[in-house]
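The following note is offered to accompany a reading of the structure. Please keep the model in view while working through the numbered points.

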Amino acid sequence: MPKTVRIHQTGGPEVLRIEDLPVGDPKTGEIRIRVQSIGLNRSEAIYRSGKYLIPAKLPSLMGYEAFGVVEAPGVQGHSPGDPVCVIPTYRLGEYGVYAESAIVPARSVFAAPPGLTPVQGCAVWMAYLTAYAIIEVAKIGIGDHVLIPAASSSVGLAAIQLANWAGAVPIALTRHSVKAAALREQGAQHVIATEETDVVAEVMRITHGKGARTAFDPVGGPFVEKLCNCLADEGILFIYGGLSNQPTPYPHWPVALKGLFIRGWVFSAISNKPERFAQVRATIQAGLASGHLKPVIAKTFTLDQIAAAHAYLESNQQIGKVVVTV
């Protein structure tokens with residue numbers, strides 16, 4: 001029987017249990033794939049720890065971003081053996097791709113873009129569809145400055161690439177300068193170590209006093225007030241995560257005085273809307289084909305190292321996507 005990862009209790013990486021479980025046959029509207037690689041996401045670690053927005057129903061499957069080949073059955077547009085990507089259009093725990101073989105909704109599966117390795121194929125869609133907010137909503141363009149907190153994450157690096165492709169100026173924010181050189185190598189035109197520098201003063205220096213057009217923040221918490229003080233008049237602050245685990249205050253005066261926009265954002269804003277997704281998917285595939293976009297892989301692990309992979313994900317050492325090969 002194929003190996004499958006489940007959790008029977010919430011907690012640290014050690015609660016991830018590898019089990020031999022039957023997969024069975026897919027039902028109507030489902031498809032079974034042979035998993036070749038899994039892209040880890042921070043939300044999965046939060047879910048595993050018991051701190052996710054939706055409590056885990058135990059025992060719970062894990063994971064929702066993967067690359068593999070169709071096993072059975074053939075559904076419209078897919079045949080056995082076809083390479084495919086699985087994207088998160090279902091809730092964590094409802095299905096799971098931490099496995100050698102997995103059943104997922106057919107709506108979550110589409111043909112893999114040509115030219116990608118299995119490791120790259122599981123590291124594209126969550127990152128670029130999330131970061132695409134700066135293109136689709138903020139409509140950044142030539143010369144616009146974009147603040148990117150947690151810039152070494154896969155989404156942060158995707159935002160850097162998208163900003164450069166649009167002719168904008170990505171400003172990477174990271175807590176310490178240890179990652180500065182690597183972030184510049186990945187396309188950041190400026191890097192600010194937020195715990196070593198007066199962030200507002202540095203942004204104003206870079207932007208010649210104007211401020212940034214937008215900030216794309218997965219952290220939340222008290223730092224959002226500094227981000228708002230870094231923005232230009234009528235700038236946009238996106239909040240797409242809560243990594244700080246602290247309350248996020250409403251930055252009343254920066255918002256009022258500058259006429260700022262605060263916008264929530266999640267991956268499903270695009271992925272769950274078929275026509276919108278089709279358009280953005282085509283753009284991202286064009287970027288992959290042209291070389292403007294290229295997923296960055298921080299480190300790979302094997303399925304039997306899944307606990308170590310989660311520990312590494314939560315260590316914040318990585319620059320790019322943490323991938324598990326199967």
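1. Helices (H or I, at least four residues) and strands (E, at least two) are DSSP runs, numbered from the N terminus. This is a predicted model, in which local features need pLDDT of at least 70, side-chain atom pairs count only at pLDDT 80 or more, and totals for chains, interfaces and linings use all residues. Residues are numbered from 1 along each chain as its sequence is written, and side-chain values use heavy atoms, with hydrogens and water left out.

2. An open sheet of six strands follows the order E11-E10-E9-E12-E13-E14, with parallel pairing; two strands pair if DSSP finds at least two bridges between them. Strand E11 (190–193) and strand E14 (261–264) stand at the edges with a single partner strand each, so one side of each has no neighbour in the sheet. From one strand to the next, the twist averages 20°. Within this sheet, five bridges join strand E12 (residues 212–217) to strand E13 (residues 231–239), and Ala215 stands opposite Leu237 in E13.

3. Two helices lie across strands of this sheet, where contact means heavy atoms within 4.5 Å. Helix H7 (residues 199–206) crosses E9, E10, E11, E12 and E13 and runs at about 165° to E11. Helix H8 (residues 223–230) lies across E9, E10, E12 and E13, at about 145° to E13. Axes are lines fitted to C-alpha atoms, for helices over the stretch in contact, and angles run from 0 to 180 degrees between N-to-C directions.

4. Antiparallel pairing is also present. Strand E5 (residues 66–72) is joined to strand E6 (residues 83–86) by four bridges, with Phe67 opposite Cys85. E6 also pairs with strand E8 (residues 109–111) over three bridges, and there Cys85 stands opposite Phe110.

5. The structure holds one cavity of 30 Å³ or more. On a 1 Å grid over the protein atoms alone, a cavity is a set of points where a 1.4 Å probe fits but cannot get out, and lining residues have an atom within 4 Å of a point. Grid points are joined across faces, edges and corners, and a volume is the space filled by probe spheres set on the points. The volume of the largest cavity is about 60 Å³.

6. Which helix gives the most to the lining of the largest cavity? H5 does, with four residues. Helix H3 (125–131) and helix H5 (154–165) each supply at least two residues of that lining. Among the lining residues are Tyr128, Leu157, Gln161 and Lys321.

Technical notes. 1 Å grid on protein atoms, 1.4 Å probe; cavity = no way out; pocket = protein on both sides within 12 Å on 5 of 7 lines; lining within 4 Å.
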